[in-house]
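Q: Could we go through this one together? I would like to start with the cysteines and then move on to the sheets and rings.

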Amino acid sequence: MSNLKVTSAKMNVKGKFLFCGNEKFYIKGVTYGTFAPGPDGCQFPDILTVENDFRALAASGLNCIRTYTVPPIYVLDIADSLNLKVMVGLPWEQHITFLDSSERKHNIIKSIKEAVLSCEGHNAVLCYTIGNEIPAPIVRWYGKSKTEKFLKQLYDAVKSVAPDSLVTYVNYPTTEYLELDFLDFSCYNVYLETPEKLGKYIARLHNLCGDRPLVLAEIGLDSLRNGDEKQAETLVWQTETIFGKGCAGMFIFAWTDEWWRGGFEIEDWDFGLVDRERNPKPALEAVAGAMAEVPFAAGNYQPFFSVVVCSYNGSATIRDTLNALTNLSYPRFEVIVVNDGSTDDLAEIVSHYPVRLITTPNKGLSNARNTGMYNAKGEIIAYIDDDAYPEEHWLHYLAYAYSNSEHGAMGGPNIIPEEDGPLAFCVANAPGGPVHVLSTDEIAEHIPGCNLSVRKNVLMKIGGFDPVYRAAGDDVDICWRIQEAGHTIGFHPSAVVWHHRRNSLKAYWKQQKGYGKAEALLEAKWPEKYNGFGHLTWAGRIYGNGITLPVKVKKDKVFHGTWGSALFQSVYQPAEGFLNSIPLMPEWYLLTVLTAVLSALGFLWTPLLFLWPLCVITVLLVIIQAVISSGKSSSLRPETPGHFKYRMLIIVLHIIQPIARLYGRFQHGITPWRSRGAGLHSKFLIMFGCRMFTHWSEEWRSSEEWLADVEKKLMALKTRVKRGGNFDNWDIQVRNGLFSKSRGLLTIEEHGAGKQFLRFKCCAHYSFYGFLMIAIPCGLAVAAALDRSFLVSGILAFITAVMAFRFITETAGSMTSLYTRFKLLAITEQEEAGKVVRKERINADLNESIHQNLFMKPVIKPLNMGNFHAEVQVTE
């Protein structure tokens with residue numbers, strides 16, 4: 001039981017933001033101290049000085065003070081009287097090797113508890129910091145995991161005596177690799193003196209701390225070396241950048257130039273907003289002006305947004321969406337609700353809100369999104385789902401991001417609301433949820449459709465959403481098309497929407513089956529982005545909870561620099577190999593079933609009983625991955641009530657999700673044995689080695705143009721095409737299935753006068769694993785036959801024959817694709833020549849027509865000849 005007093009306005013965390021009670025609280029702070037100790041050992045000025053200091057900083061728009069030592073009660077009382085909050089530093093011997101002695105560890109933990117108790121649960125306490133920049137050499141000495149474990153012990157020590165308080169640790173770039181996801185929010189000391197560097201590093205820190213708030217605990221500039229005016233100017237753009245980039249707050253270092261450290265007064269640094277005699281510097285006035293406009297200056301870029309909500313029978317949740325939209329603080333936006341043929345009372349609910357309602361027949365999500373696009377008045381269209389609702393400054397953050405970039409689209413995170421039930425919480429920490437994929441800290445490869453905004457002109461240029469995606473997959477497709485059109489997609493970590501998750505196993509199962517269908521539709525349209533199993537490989541990193549993690553065989557490495565000298569020390573995670581990634585695929589369950597069937601045949605032929613351990617291993621790998629993932633990729637904490645029960649449910653969801661996804665994929669044709677590309681050609685059925693195809697051209701083109709033409713024709717076949725890389729001795733690769741692929745190499749003989757002779761060498765490349773999958777059942781079939789177990793031998797022989805047939809036909813298909821597409825070059829060349837002749841004839845006819853009709857009234861006459869279309873307007 002805590003001995004601390006209950007406060008009236010408790011500080012708490014919701015997503016990326018801090019709240020004081022129910023009010024969002026942006027930290028606009030300044031550091032205070034450390035000061036030389038007085039006769040009584042107190043490291044704070046007298047009461048009068050503290051009161052004058054606090055009144056001055058409160059008058060300047062600051063609302064928080066950060067102390068590096070535990071303040072006496074009078075300091076907290078003065079702060080509370082002026083509505084100021086205090087970040088209380090809990091000092092201990094972090095600059096020495098503190099883990100060498102068990103007694104020292106015990107004393108540190110004891111002193112931390114005593115320090116927290118001395119604050120008496122004061123209303124002015126913002127949070128407690130359990131450390132400030134443990135030196136990088138000390139962390140390197142003990143190692144990452146030992147340091148993290150001890151900081152977790154300190155966190156638990158504070159929570160044991162003040163369970164309702166917020167606890168953080170102040171890190172810095174040299175030890176950014178510490179994984180401290182148990183903290184209530186993340187803090188970093190950062191000194192970067194250009195907007196570009198600061199903005200990029202803030203984006204990195206956001207990705208390190210995930211869905212928790214980010215606070216910069218020290219930021220500033222030395223006026224002694226840079227001058228008073230430069231300090232003032234720098235603090236203004238630092239403030240604007242920090243809040244614009246979505247931080248929950250900042251502390252300027254420092255209030256006064258007076259600074260005592262290590263037993264000495266520091267006189268060769270002047271970071272204060274006031275000097276040692278408390279005379280204001282220009283920085284104080286500049287900071288007051290900047291803080292008055294937190295989080296966004298009124299004069300900043302404010303584009304007009306059209307917020308589009310597409311809904312089909314979404315009456316259960318759309319009230320939350322519309323309530324939040326009507327309470328947005330952004331000044332320039334409209335709301336359009338597209339009712340996609342709902343059969344519930346959706347239209348009646350929407351009619352009570354000041355929004356535009358458009359009702360259409362039920363044609364699916366993409367059609368509804370396009371309806372919103374065509375009716376939108378804004379220059380930017382922001383799509384949000386009917387089971388999500390935005391954070392108050394959602395559009396502000398998007399506007400800031402658009403104003404500082406040329407991105408064609410922009411998105412942000414989607415976080416489960418606190419009020420959702422335990423089952424929804426477990427679903428939010430299970431695989432298959434809406435996650436974002438980032439190729440850099442600020443550029444996305446994919447943004448979920450529940451929080452996706454697009455410039456209207458970009459969306460119109462690419463033709464809007466593809467109507468084939470009725471329920472899912474539309475966001476993936478549109479992101480790829482935006483990037484294909486030459487635009488980038490940005491990501492703002494604080495452009496948050498709260499997104500309800502499915503609250504029943506039945507709804508979750510149905511959702512995952514739908515995602516399986518969407519995968520099949522996407523694979524049919526974008527085969528080049530999928531591997532032989534039909535799985536998408538993202539180039540960027542996936543962020544979010546619930547991701548199924550592989551059983552790691554490679555250890556993460558920390559980049560320390562030579563002798564630990566790097567200023568920015570990060571964790572580097574080696575890529576997992578192909579074999580280690582296979583158990584993550586839904587098709588792993590097929591392997592489990594196959595090994596179980598073969599093991600069951602052991603009751604007919606005893607040697608196959610030895611396959612039972614393999615079957616057990618395939619099952620255990622799935623369970624082990626689920627257990628690892630439930631602990632490392634979820635937001636579930638050990639102190640959460642019902643932790644064990646929820647974790648078991650999350651493990652179950654990790655296990656059943658691939659089955660639902662596999663079921664949906666198979667229902668819609670995305671199977672490991674599916675075929676792509678051209679049909680079979682008999683002359684390629686049995687092929688080892690290479691074949692060469694030739695083409696004579698009367699028109700000169702570069703090799704890049706020829707190959708691009710072949711690639712385009714192959715992609716039209718919906719086959720998986722890959723370009724050769726910088727170190728490959730082939731130009732184009734085609735894969736139509738699992739077991740084999742074919743590669744083509746082009747060379748050109750130049751014969752003068754623009755004439756060229758093309759030689760295209762195509763070689764089959766067989767998969768080692770394909771040979772293995774044929775050899776194993778074949779060997780077992782022979783062994784069973786020799787042992788006179790003819791039924792088992794026949795079954796195994798049938799499996800071998802199916803595998804071998806598939807192996808042969810896949811090879812033939814890939815070779816046929818290369819052959820037919822290369823041969824089409826001749827036909828294309830003839831068609832192009834015919835177009836030129838027809839176009840010249842048309843132009844001649846038009847000139848004659850114009851000459852004969854100079855004095856006739858204007859007409860518009862369309863002409864259609866073959867693939868050529870001309871529209872001519874004849875004027876007087």
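Q: Is Cys-763 buried or exposed?
A: Cys-763 is buried, at a relative accessible area of 14%, where buried means under 20% relative accessible area, exposed over 50% and partly exposed in between, with a 1.4 Å probe and protein chains only. Bear in mind that this is a predicted model, in which local features need pLDDT of at least 70 and side-chain atom pairs count only at pLDDT 80 or more, while totals for chains, interfaces and linings use all residues. Residues are numbered from 1 along each chain as its sequence is written, and side-chain values use heavy atoms, with hydrogens and water left out.

Q: Which cysteine is joined to Cys-763 by a disulfide?
A: That is Cys-690, with an S to S distance of 1.9 Å; a disulfide is taken as a pair of cysteine sulfur atoms within 2.5 Å. The structure holds 1 disulfide. Cys-690 lies in strand β29 and Cys-763 in strand β33, so the pair ties together parts that are 73 residues apart in sequence. The link is right-handed, with 105° about the S-S bond, and Cys-690 counts as partly exposed at 44% relative accessibility.

Q: Why is there no bond from the sulfur of Cys-187?
A: The closest cysteine sulfur, in Cys-127, is 6.1 Å away, which is too far for a bond. Cys-187 is itself buried, at 1% relative accessibility.

Q: Back to β29, then: what is the order of the strands in its sheet?
A: The open sheet has 5 strands in the order β29-β33-β32-β31-β30, with antiparallel pairing. Strands here are DSSP runs of E with at least two residues and helices are runs of H or I with at least four, numbered from the N terminus, and two strands pair if DSSP finds at least two bridges between them. β29 (690-697) and β30 (720-723) stand at the edges with a single partner strand each, so one side of each has no neighbour in the sheet.

Q: How many bridges are there between β29 and β33?
A: The two strands pair over 8 bridges in the antiparallel sense, and one of the residues concerned, His-695, has Leu-758 in β33 as its bridge partner.

Q: And what about the closed barrel, how does the pairing run there?
A: The barrel has 8 strands, β4-β5-β6-β7-β8-β9-β10-β11, and its pairing is parallel. Within it, 4 bridges join β9 (residues 186-189) to β10 (residues 214-219), with Asn-189 opposite Glu-218 in β10.

Q: Changing topic, how many aromatic pairs does the structure hold?
A: There are 27, counting rings of Phe, Tyr and Trp (its six-membered ring) whose centres lie within 6.5 Å, with planes under 30 degrees apart called stacked, over 60 edge-to-face and the rest tilted. Among them, Phe-305 and Tyr-330 are edge-to-face, at 5.4 Å centre to centre and 80° between the planes. Phe-305 lies in strand β14 (residues 305-311) and Tyr-330 in the loop between α10 (318-326) and β15 (333-340), so this pair ties together parts 25 residues apart in sequence. Both residues are buried.

Q: Which ring does the charged end of Arg-369 sit over?
A: The ring of Phe-465, at 5.5 Å from its centre; the criterion is NZ of Lys or CZ of Arg within 6 Å of the ring centre and within 35 degrees of the ring normal. Lys-529 likewise lies over the face of Trp-480, 4.9 Å from the ring centre.
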